[in-house]
Amino acid sequence: MTKFYFIDESGNSGDIATNNARSGFAGQPFFSLACIGVDEKESINNFANDLFTKYNIQARELKSKNIIKSGKMRAIIPEVIDFLIHNKCNVLIELVNKKYQLCSQIVEYYIVCPYLECSIVGYWLKYSRRRICDLLYNKIDDDQLNKISNGFCSQDNDVSCIDVIFDVVFDIVSHFPLFSFVLKKRICKVKELFNKVKSEKGHKEAKKRFLPLPDYSGEKKYGMLPSVSSLANLYGRINRIEDDLSSVIIIHDEQNEFNIPLSTIMDTTPNISPELCPVTSFADFNFKEEATFQFESSLNEYGIQLADILAGTFMRLALYSYNSSEMHPEFIEAYRKIESCAPSMNIGINYVLPTEEYEKIGELLK
């Protein structure tokens, strides 16, 4: 039997390596990707049609930004979640702080480094990754982040940008209140490996190993797209839920400029080398089959419209919490309903947030 997954996003400001913290990520510091899995389309189509009638919606489609602006229509948000839970739909959400995602990549490439041999320190670093990311997030300033981002966006095989990144990261961890000595020693060891690869295998191979792989759309190059990494995570989560991916159709809202990098990550994720696969409790990156992936206009798929409502809601939930803004009660109700289903691998949020922000949002449960 065919299973359908509908995906939409909110807070996409493009390449976060260029629209970095100095510009406030184009005014959108958070990104959310929401996914709804259903066994058939009829029930979700009937439910969406009922919403149009019940709330006298004149627009051509359900859009989160329009719903959130209207006090009356915000009641749609918890109503959507009630419907999805009652009908045993899968609800998967990725919630990303863009600066924190950049910090996690810095930690992965210049501190943890998957290319170094396993050791006691290496294992400790893997299991302490979140704490180190938190420290980096709190210590790094906009100028330092800008220098590193510029390196991520380097256009040629000049690896001097990587030397700059090592120097900046070393300087930042020198001011950590914890683990400074161990981390400085580790960075030096990673840099030694970088110099060895550069000397023995050349600049091109050194860049491939010690810079996050860029995303491409035709000739255009992106340093880092949160939509791409979030989609890869969702694919791993869907793979864990479904016994047979070959019977799954994943339908993503049309993204125009970003269709190519999103299609590419769906093609490449099942072929990730085992040593580079993320080890998580909520996703499985060991693929036995592949799903069918396609783009469709949200005008033609009510499932995408409902995913948009979820993505827009949870992106704004994080933003309002971050800014200590007054929270719409419908946001809190939606958040509590999703969290009440945890720990279910079929319904839940993957938080790519600093611990402090995650805990602040968690206060809404009380």
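Here is a short walk through a predicted model, one selection at a time.

**Stop 1: strand 6.** Select residues 248-253, which make up strand 6. Five of the six residues here are buried, so the strand is largely enclosed by the rest of the structure.

**Stop 2: the neighbours of strand 6.** Now add residues 3-10, strand 1. Strands 1 and 6 run parallel and are joined by five bridges. To see one of the pairings, show Tyr-5 and look for its bridge partner in strand 6, Ile-250. Next, add strand 7, residues 292-296. Strand 7 is also parallel to strand 6, with five bridges between them. Pick His-252 and you'll find Phe-295 of strand 7 standing opposite.

**Stop 3: the cysteines.** How many disulfides does the model have? The count is zero, going by a cut-off of 2.5 Å between cysteine sulfur atoms. Click on Cys-89: the nearest cysteine sulfur belongs to Cys-35 and is 11 Å away. Cys-89 has 6% relative accessibility, so it counts as buried, the limit being under 20%. Then jump to Cys-341, whose closest cysteine sulfur is that of Cys-89; at 11 Å, the two are too far apart for a bond.

**Stop 4: a pocket.** Finish at the second largest pocket, with about 320 Å³ of space. Select Asn-157, Lys-204, Lys-207, Lys-208 and Pro-214: of the 15 lining residues, these are the closest to the pocket's centre. Now highlight helix 11, residues 203-210, which gives the largest share of the lining, four residues. Colour the lining by class and you should get six nonpolar, three polar and six charged residues.

Notes. Residues are numbered from 1 along each chain as its sequence is written. This is a predicted model: local features need pLDDT of at least 70, side-chain atom pairs count only at pLDDT 80 or more; totals for chains, interfaces and linings use all residues. Side-chain values use heavy atoms; hydrogens and water are left out. Buried means under 20% relative accessible area, exposed over 50%, partly exposed in between (1.4 Å probe, protein chains only). Helices (H or I, at least four residues) and strands (E, at least two) are DSSP runs, numbered from the N terminus. Two strands pair if DSSP finds at least two bridges between them. On a 1 Å grid over the protein atoms alone, a cavity is a set of points where a 1.4 Å probe fits but cannot get out, and a pocket is an open set with protein on both sides within 12 Å along at least five of seven lines; lining residues have an atom within 4 Å of a point. Grid points are joined across faces, edges and corners, and a volume is the space filled by probe spheres set on the points. Ala, Val, Leu, Ile, Met, Phe, Trp, Tyr, Cys and Pro count as nonpolar, Asp, Glu, Lys and Arg as charged, and the others, Gly among them, as polar.
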